[in-house]
Amino acid sequence: QDIDPPLYGEKRLPGCAPSEPQRDELEFPLFTLAYRQNMPVLGICRGMQLFNDALGGTLYQHLPAQYPQAMEHDMTAPYDRVFHQVVLTPGSPLARRMGKLEMGVNSYHHQAVKDLAADLAVMATAPDGVIEAVYAPGRQFVWGIQWHPEYFWQGEQGVLFQAFVEQCRQFTR
């Protein structure tokens, strides 16, 4: 489900999918608590959007309507294949971890970060400028990934999960 637009100060527009208020009521406080306690957090797709919203950013409710220059970001199954490339921000944690500045990703989302929250920085963008990965520089490990690396966990993108697990281990010590 989409994050409810009033949570980031907007009215629902055509193309915005249904939201689940109970899910929002659970996830926003959980993220806020984890963020305040500097806990490691990895957000995938909606998770990245939630981070941005919870920290004061906004979202495109429906890319095709609000960002018409956007390339297609909503692929069909199977999802374990590359759909487009992303450019990694030089010096970002993701670029350092991956050891390169471009990589192929899958993509199935119709929402994306519009206004980036002040506490976040960009780690990757699509060729059309859509933000594909973010992090919180002032925190131990708060990474948001717009694509779905869980379909590539046995390949090179498994390092995203390794990085998260390493940070979780350090946090519990």
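Author: In this predicted model, rings of Phe, Tyr and Trp pair if their centres lie within 6.5 Å. Planes under 30 degrees apart count as stacked, over 60 as edge-to-face and the rest as tilted.

Reader: By this rule, what does the count of aromatic pairs come to?

Author: The cut-off is 6.5 Å between ring centres. By this rule the model holds eight aromatic pairs.

Reader: Phe-31 and Tyr-35 make a pair: stacked, edge-to-face or tilted?

Author: Both residues lie in helix α1, four residues apart, about one turn of the helix. Their ring centres are 5.5 Å apart. The planes meet at 35 degrees, so the pair is tilted.

Reader: Phe-31 also lines the largest pocket. Which element gives the most to that lining?

Author: The largest pocket has a volume of about 210 Å³. α1 (21-36), β1 and α2 (46-54) each supply at least two lining residues. Among the residues of the lining are Arg-23, Glu-27, Phe-31, Val-41 and Phe-51. With six residues, the top contributor is α1.

Reader: How many residues of that lining are charged?

Author: The lining of the largest pocket has eight nonpolar residues and one polar. Gly counts as polar, and Gly-47 is in the lining. Arg and Glu count as charged, and Arg-23, Glu-27 and Arg-46 are in the lining. The charged residues number three.

Reader: Which elements give two or more residues to the lining of the second largest pocket?

Author: About 150 Å³ of space lies in this pocket. Of its 14 lining residues, the closest to the centre are Pro-93, Gln-140, Phe-141, Trp-143 and Gln-167. The elements giving two or more residues are α4 (93-98), β8 and α5.

Reader: What order do the strands of the open sheet take?

Author: The sheet has six strands with mixed pairing. Its edge strands are β1 (41-44) and β4 (102-105), each pairing on one side only. The twist averages 25 degrees from one strand to the next. The order is β1-β8-β7-β6-β3-β4.

Reader: In β4, what is the bridge partner of Val-87?

Author: Strands of a sheet pair through backbone hydrogen bonds, either parallel or antiparallel. Strand β3 (residues 84-88) and β4 run antiparallel, joined by four bridges. In β4, Val-87 has as its partner Glu-102.

Reader: Helix α5 packs on the sheet. What angle does its direction make with that of β1?

Author: Helix α5 covers residues 158-172. This helix touches β1 and β8 (142-145). Its direction and that of β1 make an angle of about 150 degrees.

Methods: Residues numbered from 1 in each chain as written. Predicted model: local features only at pLDDT ≥ 70, side-chain atom pairs only at ≥ 80, totals over all residues. Heavy atoms only, no water. Pairing = 2+ DSSP bridges. Axes fitted to C-alpha atoms, helices over the stretch in contact; angles between N-to-C directions. Contact = heavy atoms within 4.5 Å. 1 Å grid on protein atoms, 1.4 Å probe; cavity = no way out; pocket = protein on both sides within 12 Å on 5 of 7 lines; lining within 4 Å. Points joined across faces, edges and corners; volume = space filled by probe spheres on them. Phe/Tyr/Trp six-rings, centres within 6.5 Å; stacked < 30°, edge-to-face > 60°.
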